[in-house]
Amino acid sequence: MQQVLSQTHNDVKVHSNEARMIHGNFTGKAIVSLDQFSTEDFRLLFLLANEMKRIAVNKEPSDILAGQIVSLLFFEPSSRTFGSFAAAVKRLGGQTLDIQNPETVSSVSKGETFEDTIRVFEAYSNAIVLRHKVAGSARLAADTATSIPVINAGDGNNEHPTQTLLDLYTMFEKFGRLNNLTGLFAGDPLNSRTIHSLLRGLSLFANNTVYLLSPEQLRLSREDYLYYTSRGLRILEITSENDIPTDCDFWYWTRIQRERFATIEEYNDVVKDKFVVTPELLDTYARKDMILMDPLPRVGTIDPAVDADERAVYLRSQIRNGLYTRMALLALLLGKA
Ligand code: NCD
């Protein structure tokens, strides 16, 4: 299976996504990669997310997903993505079938194939939200369950498109634009799927520049670097905090992805060089009106002393926007919206 999934992963990158593009029509589509979105698709989704925010904040009853069941099939641990998808479905009047750790609680433990598991949940539900450790698994699931939307909630070190929806929405709320932005990404550009999808998103808009701060070993793969830069994104790779520019609109901090390393020794070797946001680092390099983001979990990324700083949005708007944007996405894929 690993091999089949990796081949699919290559397909994701190499071949055009044209057939899978959203082009303003979300209904029934699988959401596997951020590359399926156009700037206009973001605009549509953000407008609806504003409405969803009102529904969620005012606790208004909604029947947009009444009578619909969404399977949450999480082969990897999750707090925010699982919780916000579950809350999103329920806030819109739908129901969820919650399967966390299928390896232990489902027939996967008896040796059932990935494709069979996906077909079973296709039969029971109106959509599948999938998280899996293998890159390309979401594409394989979408190609298997063709009668309902499959949503990629993170596939290995590949992509995490719905995280990018909330990240871009958070930036748009703050700056009123997604072009002409300068950002700093720190941590694990090689393995972080949230970085991969967000760089795809930023590359759709003109004149964006990103600095990637990481240990040498965790730089983007050359393939990814060339992919994003060929789409017009300016990327500068740095390895020292001293090189952080002082004009960033946002910082996006990520943990080093321990589970993606082959051995604990390899992980320990890079983790000793990791970067941590402290009040002093912010004082030295950050603008007064920037925002500090983190997809979380925060594992050695940000000193808790920073939490009180109003620029720290990771436990504030960034978290809440995950609910609103996922409500909007589900409504567009499944609802009458
Ligand atoms: C991220 C993920 O799972 O990719 N978490 C999330 O969904 N917000 C980030 C991470 O695990 O580091």
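This dialogue sets features of a predicted model against their definitions.

Tutor: In this predicted model, local features need pLDDT of at least 70 and side-chain atom pairs count only at pLDDT 80 or more, while totals for chains, interfaces and linings use all residues. Residues are numbered from 1 along each chain as its sequence is written, and side-chain values use heavy atoms, without hydrogens and water.

Student: Why are E1 and E2 said to pair?

Tutor: Pairing requires at least two bridges found by DSSP. Strands E1 (residues 69-74) and E2 (residues 95-100) are joined by six bridges and run parallel, so they pair. Leu72, for instance, has Asp98 in E2 as its bridge partner.

Student: What makes E3 and E4 a pair?

Tutor: Strand E3 (residues 127-132) and strand E4 (residues 150-155) share four bridges in the parallel sense, so the criterion of at least two is met. Val129 stands opposite Ile151 in E4.

Student: Why is E4 called mostly covered?

Tutor: A residue is buried under 20% relative accessible area (1.4 Å probe, protein chains only). Six of the six residues of E4 are buried, therefore the strand is described as mostly covered.

Student: What makes the unit of E3, H6 and E4 right-handed?

Tutor: With the strands pointing away from the viewer, a right-handed path from the first strand over the helix to the second runs clockwise. E3, helix H6 (residues 137-144) and E4 form such a β-α-β unit. E1, helix H3 (residues 80-91) and E2 also make a right-handed β-α-β unit.

Key
Buried means under 20% relative accessible area, exposed over 50%, partly exposed in between (1.4 Å probe, protein chains only).
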